[in-house]
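Work through the following exercises with the sequence and the 3D structure at hand. Each task is followed by a solution in steps.

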Amino acid sequence: MTRRTPISVAYGDGIGPEIMKATLNIIQAAGANIEIETVEIGEKAYLRGVETGIEPSAWDSLRRTKVFLKAPITTPQGGGYKSLNVTTRKALGLYANVRPCISYHPFVRTRHPAMDVVIIRENEEDLYAGIEHRQTDQVYQCLKLITRPGSEKVIRYAFEYARANNRKKVTCFVKDNIMKLTDGLFHKIFDEIAKEYPDIVNETWIVDIGAAKLADTPENFDVIVMPNLYGDVLSDVAAQISGSVGLAGSANIGEQYAMFEAIHGSAPRRAGQNLANPSGLLLAAVMMLVHIGQSDVAARVHNAWLKTIEDGVHTYDIFKEGVSQQKVGTAEFAEAVIQRLGEVPKALKPVSYETPTPMSLWQKDEHHKKSEKRLVGVDVFLDWDLGSPNDLGDELSRITVGPLQLRVITNRGIKVWPNGLPETFCTDHWRCRFTGNEGEVVRALEVVELLRRVTEAGFDNIKTENLYLFDGKPGFSAVHG
Ligand code: NAD
């Protein structure tokens, strides 16, 4: 027998221990060649004062095994507790969240019988970098960070996933008609990488109409890749409309680590009653088995599970009179799946996992030529409420340093000086753009001197953003209005 693959397992809180026990019973009965290291996370750790909810010993285990099967946990009420999911994703570099959303019509009710979509969500950056600031009395800001390596990793993973799972199309959702630089980069990288996969169809939708189409005709989509926020929202929508939010599992994939879990929470009200459906965690465990190269066991488990669903053996959450045959508890459901190991479904489509999905194919491009970067100006943000845009424009126009001169003032991105409209609503947050003449290079110390003079003139400078050209192209958005 080959060496058993060590995995870290957390039983979690609420219904967690019951569904984990059921899941492990099934995969071990199917022949999973694993060595389990149990780790403690969640409510007890939080209440012992571990603010991330993960005991240090759990990190040691995760570092050793690099594979984490995790039951849901309960985040205690009240402030001060950090999200365990966000902490693990970031600490372990789990850049891709993979969530298959599949309907099991006619055995589980759904309006979309042919739905079979996999959402692949970027998991580490975008608005989730957690960089927020209050800047004035009225205005708060959250930084949206989209990076080239972060986008390359998740988009390449989406195409590799499609290829390994015999899927035909990868769709990208972005909002690059508005966020031309950030979402624009994601779209551009999608187009670049898509060219390397001519066997897979690719398409891009603006996220709003894309989301509407996903909700209306999900059968037209196959794999969808998107930045973090859109993915967070739409993966829940997709799981819900497939009719099976309690049945969905997800994988969080990194370059070295991977974490597998159900998408639902710890359902504390159902805990300890042998009621909960273990299917979400079980399907996550199936993804884990594929990931650790035990594809044959994964397929055995998945097919036995499909057969169980098809035979109408259902837990309370999906039980429906007339469709279901037998209402069972968690342990009995697991037993029913174990009895069907070796069988394949007849009405639902059987699965096979021929190629293990590669962990990560992203490599740093050593030959990447850095762009030539030139400083051409600065956006100075002010907290100011002492007059009209023209008053502010008049005062700031008097301050010049070298080539730097005030060119435009915006409020919430709308131009208000020069020649603004009197109707434009203004807050106390002003962006004042200073540049030289078209493309003229500015010295960093000239920017520093400008800020000194602006401050000396009595203005409250809350932040600045330098304006650069990269290979001659603006690395900043143009002004509206
Ligand atoms: P929840 O998903 O735990 O429960 C929502 C509803 O779905 C409940 O009414 C429950 O009856 C039902 N349900 C969920 N899973 C089920 C299953 N396997 N079988 C049968 N029914 C099931 O969401 P919630 O009530 O908002 O959150 C409860 C706790 O879970 C909170 O402390 C929350 O922070 C936590 N949570 C954890 C995770 C995680 O660990 N990944 C994710 C979401 C929520």
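**Exercise 1.** In this predicted model, find which backbone atom lies 2.8 Å from a polar side-chain atom of Thr 23, and decide whether Thr 23 is buried or exposed.

Solution.
- The backbone oxygen of Ile 19 is the atom at 2.8 Å from the polar side-chain atom of Thr 23.
- Thr 23 belongs to helix H1, which spans residues 16-29.
- The relative accessible area of Thr 23 is 0%. Buried means under 20%, so Thr 23 is buried.

**Exercise 2.** Identify the polar contacts of the ligand with Lys 70, Ile 73 and Asn 85, then describe the shell around the ligand.

Solution.
- Start with the ligand's oxygen atoms: one is 3.0 Å from a backbone N or O atom of Ile 73, and one is 3.4 Å from a side-chain N or O atom of Lys 70.
- Next take nitrogen: a nitrogen atom of the ligand lies 3.3 Å from an N or O atom in the side chain of Asn 85.
- On its own the ligand has 810 Å² of accessible area, and the protein covers 65% of this.
- The ligand is surrounded by 19 residues, with Ile 73, Gly 265, Ala 267, Asn 277 and Tyr 316 the closest.
- By class, the shell holds seven nonpolar, seven polar and five charged residues.

**Exercise 3.** Determine which residues form a nonpolar surface patch with Val 237, and classify the exposure of Val 237.

Solution.
- The partners of Val 237 in the patch are Leu 229 and Val 233; together the three have about 200 Å² of accessible area.
- Val 237 lies in helix H8, residues 228-241.
- With a relative accessible area of 30%, Val 237 is classed as partly exposed.

Terms used
Residues are numbered from 1 along each chain as its sequence is written. This is a predicted model: local features need pLDDT of at least 70, side-chain atom pairs count only at pLDDT 80 or more; totals for chains, interfaces and linings use all residues. Side-chain values use heavy atoms; hydrogens and water are left out. A residue is near a molecule or strand if one of its heavy atoms lies within 4 Å of it. A polar contact is a pair of N or O atoms within 3.5 Å; within protein, one must be able to donate a hydrogen and the other to accept it, and residues adjacent in sequence count only if both atoms are side-chain atoms. Accessible areas come from the Shrake-Rupley method with a 1.4 Å probe; for residues, only the protein chains shown count as cover. Ala, Val, Leu, Ile, Met, Phe, Trp, Tyr, Cys and Pro count as nonpolar, Asp, Glu, Lys and Arg as charged, and the others, Gly among them, as polar. Patches are made of residues with over 30% relative accessible area and no salt bridge: like charges are joined within 9 Å, nonpolar side chains (Val, Leu, Ile, Met, Phe, Trp, Tyr) within 5 Å. A salt bridge is a side-chain nitrogen of Lys or Arg within 4 Å of a carboxyl oxygen of Asp or Glu. Helices (H or I, at least four residues) and strands (E, at least two) are DSSP runs, numbered from the N terminus. Buried means under 20% relative accessible area, exposed over 50%, partly exposed in between (1.4 Å probe, protein chains only).
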